[in-house]
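Biologist: I am new to this structure and would like a close look at a single part, the open sheet and what packs on it. Could you take me through that part in one connected account?

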Amino acid sequence: METSINILIVSEWEQNTAQLKTIAESFSSHVTTVNYSDAIREMNRETRDIVIVSQFETDASVEVVQSIRLVNPACLLLFVANASDFTLLRSIIRSGADEFFVFPDEASLFASRFPTIVKNYENKKNSMEEAAVTYGRNRGKIFSFYSGKGGSGRTLIASSVAQTLKLESTAEVILIDLNTQYGGIESVFSIESNRSMADLMPVVEELNESHIRNVSETQVDSKLEILISPCDAEIAESIDEIFIAKLVRTCRRSFDYVLIDLPSHINAQVVAALEESDKIYYILAPETPALKTLKQFESLSARLGIHLANRMEIVMNELAKENEVQQNDLKNVLRFPIAASIRRDIKGLQPFINKGMPIRKIQKERKLIPFAKDIRKFARDVLKQ
């Protein structure tokens, strides 16, 4: 009896993980296992229906149960303890767990009850239409735009997609510039401000939507929210990966789409953003040096433990008939799907770049340059996902 229920297993013990995974996979093909340190990141990344937490240290167990319940109040949360402990039971139930089992003593009981647990959850989920809608609420999508090769057009594409998403929908969209040393987004939109994401560092522990909106700049035409970088190398050094992770997670809860413009180099900030992302759009020009850099990025990601499979897609940029390498030539070379194809449009783009103007200002614009048309198609495909 296989279902579409999405199950997450949080465990530090290999034996418990294997046993719980075997039971869960008998009823669902959507089963993921993670350790305690990755649990909240996975919950932020994707909505889970059932979460099974296997006991680790008492304080850590209580904390992870509380955090999971806070991130997704609608999930069914099962806790598996290592021994009978009334104090632990009380703490775990108070933290938000729905059911409590003891392994290995109640392993057979868990296995026999699990089919009923899954069926009851499915019935509840299917019968409550209003509740079902809330599963996607406060679950914004995070899209990172990256390229290992400088001058790929990453910043222009990220900002144009963000502006177009806002114009083509009623979604709440925020654009984050993580080029902390030199910036770039402020030039695209002609933004002059003394505020930057660095102003959020003193309130990072209690960071919320109000803090972000107080610091972000609002684009006049589309009302797109933009978090600009400090554009200061000294301040950039004080922005660590913990701040980036908390910032991105808070934005996910407050906005429908979070777009991140990443620098070409790899550091702790970039790795944190990539790990939090639902999709990584790699900007690629049809040329040999760019392909070589892509291969190096794949290799480096594997060494750093950045999971790219099913998350990274290619955005082909600067496509033109005169290119020696054409997009069709790359289909058998690329390991990742092509999400969008953007034509070279120097003549059409240059006036916008020189004046610091966005390529789109209104929703139903009659005359769009080729670059804007390709970005609109890309953005509409994103909205359909």
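Modeller: What follows is a walk through the sheet, then the helices on it, and then some salt bridges that involve this region. The model is a predicted one, and in it 8 strands form an open sheet with mixed pairing, in the order S8-S9-S7-S10-S6-S11-S12-S13. Strand S8 (217–218) and strand S13 (338–343) stand at the edges with a single partner strand each, so one side of each is left without a neighbour in the sheet. Strand S12 (residues 312–319) runs parallel to S13 and is joined to S13 by 4 bridges, and in S13 it is Ile338 that serves as the bridge partner of Ile314. Helix H7 (residues 154–168) packs on the sheet, where its contacts include strand S6 (141–146), strand S10 (257–261) and S13, and its direction makes about 165° with that of S10. Helix H13 (residues 288–304) also packs on the sheet, touching S6, S11 and S12, with its direction at about 150° to that of S11.

Turning to the salt bridges, the side chains of Glu287 and Lys149 meet at 3.2 Å, N to O. Glu287 lies in the loop between S11 and H13, and Lys149 in the loop between S6 and H7, so the pair ties together parts that are 138 residues apart in sequence. A further salt bridge joins the side chains of Glu168 and Arg380 (3.1 Å, N to O), linking helix H7, which holds Glu168, with helix H16 (residues 370–384), which holds Arg380, across 212 residues. Glu168 is buried, with a relative accessible area of 16%, whereas Arg380, at 39% relative accessibility, counts as partly exposed.

Key:
Residues numbered from 1 in each chain as written. Predicted model: local features only at pLDDT ≥ 70, side-chain atom pairs only at ≥ 80, totals over all residues. Heavy atoms only, no water. Pairing = 2+ DSSP bridges. Helix = DSSP H or I, 4+ residues; strand = E, 2+ residues; numbered from the N terminus. Contact = heavy atoms within 4.5 Å. Axes fitted to C-alpha atoms, helices over the stretch in contact; angles between N-to-C directions. Salt bridge = Lys/Arg side-chain N within 4 Å of Asp/Glu carboxyl O. Buried < 20%, exposed > 50% of the residue type's maximum accessible area, 1.4 Å probe, protein only.
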